[in-house]
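Please look through the sequence and the three-dimensional structure shown here, and keep both in view while reading. The paragraphs that follow begin with a single residue and then move outward to sheets, helices and loops.

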Amino acid sequence: MTTRRGFITLLGGAAALPLAARAQPPAMPVIGFLSAASPDTNADRMRGFRQGLKDTGYVEGENVAIEYRWAEGQFDRLPALAAELVRRQVAVIAAVGNSAAVAAKAATTAIPIVFNVGDDPVRLGLVASLARPGGNLTGINIFTSELVAKRLELLREMVPAATRVAVLVSPHNASSESTVRDTAAGARAMGLQVQVLNADTSGEIDAAFATLARERSDALFVDPNPFFTSRRVHLVNLASRLAVPAIYFDRAFAEIGGLMSYGASLTDSYRQGGVYTARILKGTKPADLPVLQSSKFELIINHQTARMLGITVPPSLLTLADEVIE
């Protein structure tokens with residue numbers, strides 16, 4: 001009798017196992033987030049990314065997880081970080097920045113990738129075309145390189161007496177060559193001389209500004225890249241100390257005392273990236289999602305900094321500005 005009861009109990013337990021297994025919630029999909037920047041410089045932008053996910057039905061910690069990989073401005077770390085995410089077998093990789101997107105593409109042809117880049121993604125070799133990306137990548141183009149000439153025009157309008165402009169670039173950034181080329185072309189059209197300064201470390205930034213002071217450049221153009229964003233306080237302080245008017249690519253610089261910035265709204269482009277990432281989690285293939293073009297751009301002017309530099313901001317720029325910081 002005891003043996004029979006034990007057999008029935010055992011049989012009942014075995015029969016119940018599949019039901020218990022079926023009752024367990026499915027495993028959360030995991031997004032791999034890859035960036036050359038650092039988390040402390042991306043708080044506002046990440047809110048945009050999470051908002052894009054939320055708008056499409058995903059909330060971090062509830063029905064999706066995110067594995068973050070930050071290169072902290074060290075571009076040479078990106079290939080290894082991308083490889084980590086591939087080994088982690090994430091469902092999709094969100095790669096922010098030219099170098100991160102290039103590293104992610106080199107790491108996998110199987111995992112979908114949503115990029116957020118500032119250079120032409122076709123020229124970077126990420127997609128076959130904007131309308132038909134092909135392969136496992138799609139994403140957002142924020143027109144960083146296409147805006148070089150416009151930034152130069154705005155800087156010249158702010159400082160009409162300028163004849164020599166220093167261009168600060170990070171050679172390890174994937175877009176640095178195109179920035180130098182496009183800046184030189186735009187400068188020639190405006191009759192400006194260009195002085196190219198290279199910096200990949202904080203020490204090299206100091207050396208670049210020492211050269212800028214020695215060569216007496218009239219203004220500064222900062223190349224868009226995550227390393228400079230992570231060193232924005234350092235850059236703005238040096239520009240202030242040397243009293244050199246500078247234009248940046250991200251409003252974060254103007255908010256802490258930079259003279260002016262012009263570029264795509266990065267918070268909005270991150271939101272678009274979040275939407276695309278969520279759509280891929282729901283089953284859409286990257287090849288079926290055309291590359292989006294940023295449509296929201298913003299000119300930010302720090303009026304207080306202008307006054308400190310002795311610059312009278314032209315009324316035309318004040319009218320154009322999306323925000324004037326007093």
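Met46 is found in helix α2, where helices (H or I, at least four residues) and strands (E, at least two) are DSSP runs, numbered from the N terminus. The model is predicted, and for this reason local features need pLDDT of at least 70 and side-chain atom pairs count only at pLDDT 80 or more, while totals for chains, interfaces and linings use all residues. Residues are numbered from 1 along each chain as its sequence is written, and side-chain values use heavy atoms, with hydrogens and water left out.

Is Met46 buried or exposed? With a relative accessible area of 3%, Met46 is buried, a term that stands for under 20% relative accessible area, whereas exposed stands for over 50% and partly exposed for values in between, with a 1.4 Å probe and protein chains only. When residues up to four places away in sequence are not counted, Met46 touches Phe33, Tyr68, Trp70 and Tyr270, contact being defined as heavy atoms within 4.5 Å. His234 lies 188 residues away from Met46 along the chain, and the C-alpha atoms of these two residues are separated by 23 Å.

The surroundings of helix α2 include a sheet. Six strands form this open sheet, in the order β2-β1-β3-β4-β5-β11, and their pairing is parallel; two strands are said to pair if DSSP finds at least two bridges between them. The edge strands, each of which pairs on one side only, are β2 (65–70) and β11 (292–293). Helix α2 (residues 43–55) packs on the sheet and touches β1, β2 and β3 (92–96), and its direction makes about 150° with that of β2. For such values, axes are lines fitted to C-alpha atoms, for helices over the stretch in contact, and angles run from 0 to 180 degrees between N-to-C directions. Strand β1 (residues 30–35) runs parallel to β2 and is joined to β2 by six bridges, and within this pair Gly32 stands opposite Glu67 in β2. In general, the strands of a sheet pair through backbone hydrogen bonds, either parallel or antiparallel.

Two further helices can be followed from here. The axes of helix α3 (residues 78–87) and helix α4 (residues 98–107) come within 8 Å and cross at roughly 50°. The two helices are therefore oblique to each other, since angles under 35 degrees count as roughly parallel, over 145 as roughly antiparallel, 65 to 115 as roughly perpendicular and the rest as oblique. Which residues make the contact? On the α3 side they are Leu78, Pro79, Ala82, Ala83 and Val86, and on the α4 side they are Ser99, Ala100, Ala103, Ala104 and Ala107. By class, the residues of this contact are nine nonpolar, one polar and no charged, where Ala, Val, Leu, Ile, Met, Phe, Trp, Tyr, Cys and Pro count as nonpolar, Asp, Glu, Lys and Arg as charged, and the others, Gly among them, as polar. The buried residues of α4 are Asn98, Ser99, Ala100, Ala101, Ala103 and Ala104, and what covers them includes β1, α3, β3 and β4 (113–117).

Another sheet can be traced farther along the sequence. This open sheet has seven strands in the order β7-β6-β8-β9-β10-β12-β13, with mixed pairing, and its edge strands, each pairing on one side only, are β7 (193–198) and β13 (323–325). Strand β9 (residues 246–248) and strand β10 (residues 260–264) pair in the parallel sense over two bridges, and Tyr248 stands opposite Ser261 in β10. Helix α7 (residues 202–215) packs on the sheet, touching β6 (164–169), β7 and β8 (219–222), and its direction makes about 155° with that of β7.

Helix α7 also packs with helix α9 (residues 232–241), at an angle of about 20° and with the axes 11 Å apart, which makes α7 roughly parallel to α9. Ser202, Ile205, Asp206 and Phe209 of α7 make the contact with His234, Leu235, Leu238 and Ala239 of α9, and the classes in this contact are five nonpolar, two polar and one charged.

Two loop residues complete the tour. Gln89, in the loop between α3 and β3, has a positive phi of about 60° although it is not a glycine, and at 68% relative accessibility Gln89 counts as exposed. Arg216, in the loop between α7 and β8, has a positive phi near 60° and is likewise a residue other than glycine; with a relative accessible area of 70%, Arg216 is exposed.
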